[in-house]
Amino acid sequence: MSDTNHPALTVEKAMVLSAGLGKRMRPLTDDRPKPLVEVAGKPLLRYALDRLHEDGVETVVVNVHYMADQIEDYVAGINAPRVIISDERDCLLDTGGGIVRALPLLGEHPFIVINSDSIWIEGARPALERLRAAWRDDEMDCLLLLASTITSTGYDGIGDFNMDPDGRVRRRQENEVAPFVYAGVYIAHPRFFADAPAGPFSTNLLWDRAIEAGRLYGLRHDGIWLHVGTPEGVGQAERALREL
């Protein structure tokens with residue numbers, strides 16, 4: 001889908017998903033949580049927080065589980081945006097359950113969600129600005145930032161989604177290479193999480209429900225997405241950033 005001309009959504013709150021075990025990032029995560037792994041001398045978590053601050057987001061919820069104390073200590077030194085911790089030390093809740101636990105901290109309006117390992121190079125306009133401009137509250141429950149399966153740095157998979165001309169998203173079919181991969185960023189309205197399961201669950205469950213209802217949309221990233229899921233991905237991302 002394309003950016004639109006209606007007034008852009010204002011987003012005051014966001015969440016950075018930071019509670020995972022980072023198994024695919026070992027051995028870099030043997031002594032630190034994945035959000036504190038550095039790319040070009042800067043922790044992954046800081047990339048997400050800086051993007052949100054640049055976009056005007058005032059409050060960011062960061063969930064913690066693995067080596068939680070390290071993340072708490074790190075964000076204690078950050079003044080803007082304001083960071084609130086959502087504690088998952090008792091139970092790792094996965095991508096969906098973690099957000100459900102944090103909903104009371106996120107408020108009643110649409111909010112941004114970013115994976116802590118999502119780094120991207122901007123295109124002509126900032127990605128978060130474009131997402132907010134493309135949001136249509138009457139049609140959408142969730143709007144995903146999607147990157148090109150072929151041109152993304154560090155990604156060698158077969159894609160996640162197809163996208164209709166109006167921006168509605170469909171899952172890749174079996175034995176199909178899809179043109180778009182989820183870039184680890186989305187806007188969601190709290191209603192997206194209505195009647196969600198209790199305990200740990202993946203956001204994929206809610207995406208499938210929204211697809212069936214025709215309320216999951218995508219926006220193609222017009223820059224370059226850097227897939228930083230492994231130690232090799234860190235090196236590839238650093239090379240891409242050096243070339244800017």
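Which elements make a right-handed β-α-β unit in this structure? In this predicted model, the unit is made by strand S4, helix H2, which spans residues 68–75, and strand S5.

Strand S4 is a convenient place to begin, and it covers residues 59–64. This strand is mostly covered, with six of its six residues counted as buried. In a regular strand the side chains alternate between the two faces of the sheet. In S4, Thr59, Val61 and Asn63 point one way, while Val60, Val62 and Val64 point the other way, and all of these residues are buried.

From S4 the reader can move to the strands that pair with it. Strand S1, residues 13–17, pairs with S4 in the parallel sense over four bridges, and within this pairing Lys13 stands opposite Thr59 of S4. Strand S5, residues 82–87, also pairs with S4 in the parallel sense, here over six bridges, and Val60 stands opposite Val83 of S5. The pairing of S4 with S5 thus joins the two strands that, together with helix H2, make the right-handed unit.

The cysteines offer a last point to follow. A disulfide is a covalent bond between the sulfur atoms of two cysteines. A search of the whole structure finds zero disulfides. As for solvent accessibility, Cys91 counts as partly exposed because its relative accessibility is 28%, whereas Cys142 counts as buried because its relative accessibility is 0%, the cut-off for buried being under 20%.

Conventions
Residues numbered from 1 in each chain as written. Predicted model: local features only at pLDDT ≥ 70, side-chain atom pairs only at ≥ 80, totals over all residues. Heavy atoms only, no water. Buried < 20%, exposed > 50% of the residue type's maximum accessible area, 1.4 Å probe, protein only. Pairing = 2+ DSSP bridges. Right-handed = clockwise from strand over helix to strand, strands pointing away. Disulfide = S-S within 2.5 Å.
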